[in-house]
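Thanks for sharing this one with me. Here are my notes, set out point by point so that you can follow them with the structure open beside you.

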Amino acid sequence: MPVKQLSWQPGFSLSRKPVRRSAPRRNRQQQFEFVVEYPIKDQQAKKSPSITTFTRSRSLANSLREHSVISDKLRAYSQGEAVEENGCSADTPPWASTDELLIGGEEIPNLEMIYGTTEPYLNSYNIRNQFSPLCSPESTIERHLQLDESSISLGTSHDRLSQIPTTGPNPAAASALINIICSPSTSVPPTIEYSNLSQRFRPILNRYNTEFCTIPLTFDLRINPFRYRTNLDPEPIFLVHAVMALAGHHVESTLTLNHRHAALGLLRQSLNTNNIAENIYSMLDTIIILFSLDETQSALGNWSTHLMGAYSLLEACGGIKVLGISTRVEAQIGLLTWWDAIISLLSREECVFPYAYFEAVMSNQNSREWDFFGLCGCPISLVKIAMQVARLSAERQKLSSTRDIIFDTTIISEIVQSLESWHHVPAAMAFQDEECMQQDQDIMHCSEAWRNGLLLYVFRVFQWELGSRIPMHILHRARVLVDHVVSCRDVAMISRQALLPLFFAGCELGDQSTRTEIVRYCSVWNEKTRYHVFSSTIPLLEEVWAEQETRGFENVWWGQIVDKQHSYKSHCPLQMRLCFG
C-alpha cells in the first residue's frame, strides 16, 4: 500500500506542481493586492477606498486583518462605467448650480460636488508623437508607470505565502512548498515590495521634477508652481497620482487616465474632510497639475471646474490672507488668475477670481523667487492690462443684451494709449555678453507680441462693428506681431508663450504664406512640448479662414468661431471653454 503524504491543499502533492484553482474557489480575503483607485459611480462614492502599503516588518496576521476589505473594493471599482470621451455625463448636475455649504465658517461652493464630476476631455490630438525622443516603450520610466495586473492579482512572493493556512503539515513539507512557490521556474514573476506609493514611483517623480515640470513655463523659476515637493510627510497620494498622470502623458503611458481618475477621486475625498486647511497647499498643487494635464489634451476643456475648486479652497482657508504665508502660494495664485483671465478674454465672460486676488499678488510678489514673465511669457505691466481688459470685455458682453445702458469706452481709450506707448526696457545685464543680449531680445519679442495682441483684441471686441472693413493699421499690427513671434530663437521656445496673440493675428491676416507659417509654429510647439493645446489651435484657425472665404472677411471674426465651440458642448453639465494660456 503506497505511503500517503500530507498536503496543504486538496489535490497537491510534493510530486506535482500546485494546481491553479479558479477564482471563485480561492480565498480572496487572504491576498495582498496593490489597488489603484478608479472612478466610481455616485452611489458608490460613500465607500472609502483604501490603498495598501507594503512593509517588511509587519506581521502576517496583522497584515491580513488590515487588508481584509481590499478584494471587495477592487470588485466595486471594476463595475464602474466607462469614461466618456467628451467629458460629459448626462446625470451630472452643473457645478454652477450646486448648493453652497459651510466650510470653516464661510459660504463657498460645494467643493466635493465641483470635483465629483470631472472627467477628462479627450480628442483626436492625444495620439502617439513619433517625433518625441522621450517615448521609448522599453524605458525604465515606463516600467515604473505600468501597474502590472499580475502583481495586482497575485501580490508579492511574501504576499502569496499569506494565502497558506497556518496549521497543517510537518516543517519539511512546508519548506518544500515555499521553495516551489518562490522558485524562479514558476509562472509568478518576483516583485519588489514598497513602503508607499511615492516610493514605488520615485524614478518618474524625480524625472518629472528635473524635466517635465518646467515645460509649461517660459523658463525655470526658483519657485515653480508645477514642481513636486519631495519634503512632504506624509506625501498626499492624490498629489502623487496627479504628478504620475502628467508625467505619464509625456512618456505616453497607457495608465495616464488611471492616475488622473485616482487623483480626482482621492482629492474629492480629501475635500470632504475637516482638515482642508492642513492640506491646502497640496490640494492647490494637485489642481494646478491637473489643469496642466488637461492642457496636454486640448485647448477646449472644463477649466472653470479647476478654477472654482482652487478659489473655493482659498476662500475656505481665509482668502487673500493666505498669500502672506507662502511665496509658493503667491506664485500659484498668480498662475491661476492668469489662466482665469485668458479664458475670460476668449469667452468674454466674468472671471472666477475677483480682481482683488491679482492685486494682492502684485503687492506681495517677490521678483527674486518668481515673476509673471517666467510663468506665462508676459511682463507684469501687460499682465495688469490683460486682467483689466478681461473684466471690461465681460462687462461689455453683459451690457450688449440691454439697450438702456451704454458701455463707457473712456477707459478703453486710456488702455489703448497705454498699450501704444508701452516699450520694452532692457535688463541691467542685457549687454553683458552675447547670450544675455540674445535672451533680452527674445523677451522683448515675446512681450511685443503680447502688446500687439492686446491691441488687436481691443479693436475687435470694443471698436469693430460687424460688416465694416478692417483698417490697414490693424492688418499691419497683425503682421508685426507674427514677425515678433518668429524672431524669437528656437532654442528657448519662448515664443510658444505667445500662442493667444498669434491666434488673434492669424485671424486677421489673409496672406497664405503667413497662415502657413503660423500653422507650422503651432505644429512645432505641439511636437516639442507634447501640449496639444497648440495643435488644437490649428482647426480653429482653419475654421475662421474658411468662414472668411465663404462669407467675406468683414463679416467674420474669431469671436463667432469661439462661441460656436462653446455652444457645441453646451449639452455638457460642465462648461467647456477655450484656454490658450
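1. Let me begin with a cut-off, since the cysteines depend on it: a disulfide is a pair of cysteine sulfur atoms within 2.5 Å. Please also keep in mind throughout that this is a predicted model. With that cut-off, a search of the whole structure turns up 0 disulfides. Take Cys-378, which is in no disulfide: its nearest cysteine sulfur belongs to Cys-376 and is 5.5 Å away. Cys-378 also counts as buried, because its relative accessibility is 0%.

2. Why is the sulfur of Cys-446 not bonded to that of Cys-488? The closest cysteine sulfur to that of Cys-446 is indeed the one in Cys-488, but the two are 5.6 Å apart, so they are too far for a bond. Cys-446 has a relative accessible area of 1% and is therefore buried.

3. Now for the chain as a whole. You will find 24 helices and 4 strands in it. Of its 581 residues, 52% are buried. Among contacts with a separation of 6 or more, 78% are between residues 24 or more positions apart.

4. The pair H10 and H11 deserves a look. Helix H10 spans residues 237-250 and helix H11 spans residues 256-271; they pack at an angle of about 155°, and their axes are 8 Å apart. The two helices are therefore roughly antiparallel to each other, and their crossing is left-handed. On the H10 side, the residues that meet H11 include Ile-237, Phe-238, His-241 and Met-244. Their partners in H11 include Arg-260, Leu-266, Leu-267 and Ser-270. Sorted by class, the contact of H10 with H11 holds 9 nonpolar, 6 polar and 1 charged residues.

5. A second helix pair is formed by H17 (residues 380-399) and H18 (residues 410-421), which pack at an angle of about 155° with their axes 11 Å apart. That angle makes H17 roughly antiparallel to H18. The crossing of H17 and H18 is left-handed. H17 contributes Leu-382, Ile-385, Gln-388, Val-389 and Leu-392 to the contact, while H18 brings Ile-411, Ile-412, Ile-415, Ser-418 and Leu-419. By class, the contact of H17 with H18 has 8 nonpolar residues, 2 polar ones and no charged ones.

6. H17 comes up again around H15. Which residues of H15 are buried? They are Tyr-355, Tyr-357, Phe-358, Ala-360 and Val-361. The buried residues of H15 pack against four helices: H13 (303-316), H14, H16 (372-376) and H17.

7. Two backbone angles may catch your eye. As background, most residues other than glycine have a negative phi. Arg-348 is not a glycine, yet its phi is positive, at about 55°. This arginine lies in the loop between helix H14 (327-347) and helix H15 (355-364). Arg-348 counts as buried because its relative accessible area is 4%.

8. The other case is Arg-530, again not a glycine, with a positive phi of about 65°. Where does Arg-530 lie? Look in the loop between helix H22 (512-529) and helix H23 (537-551). With a relative accessible area of 6%, Arg-530 is buried.

Notes:
Residues numbered from 1 in each chain as written. Predicted model: local features only at pLDDT ≥ 70, side-chain atom pairs only at ≥ 80, totals over all residues. Heavy atoms only, no water. Axes fitted to C-alpha atoms, helices over the stretch in contact; angles between N-to-C directions. Parallel < 35°, antiparallel > 145°, perpendicular 65-115°, else oblique. Left-handed = near helix turned anticlockwise from the far one by under 90°. Contact = heavy atoms within 4.5 Å. Nonpolar A, V, L, I, M, F, W, Y, C, P; charged D, E, K, R; others polar. Buried < 20%, exposed > 50% of the residue type's maximum accessible area, 1.4 Å probe, protein only.
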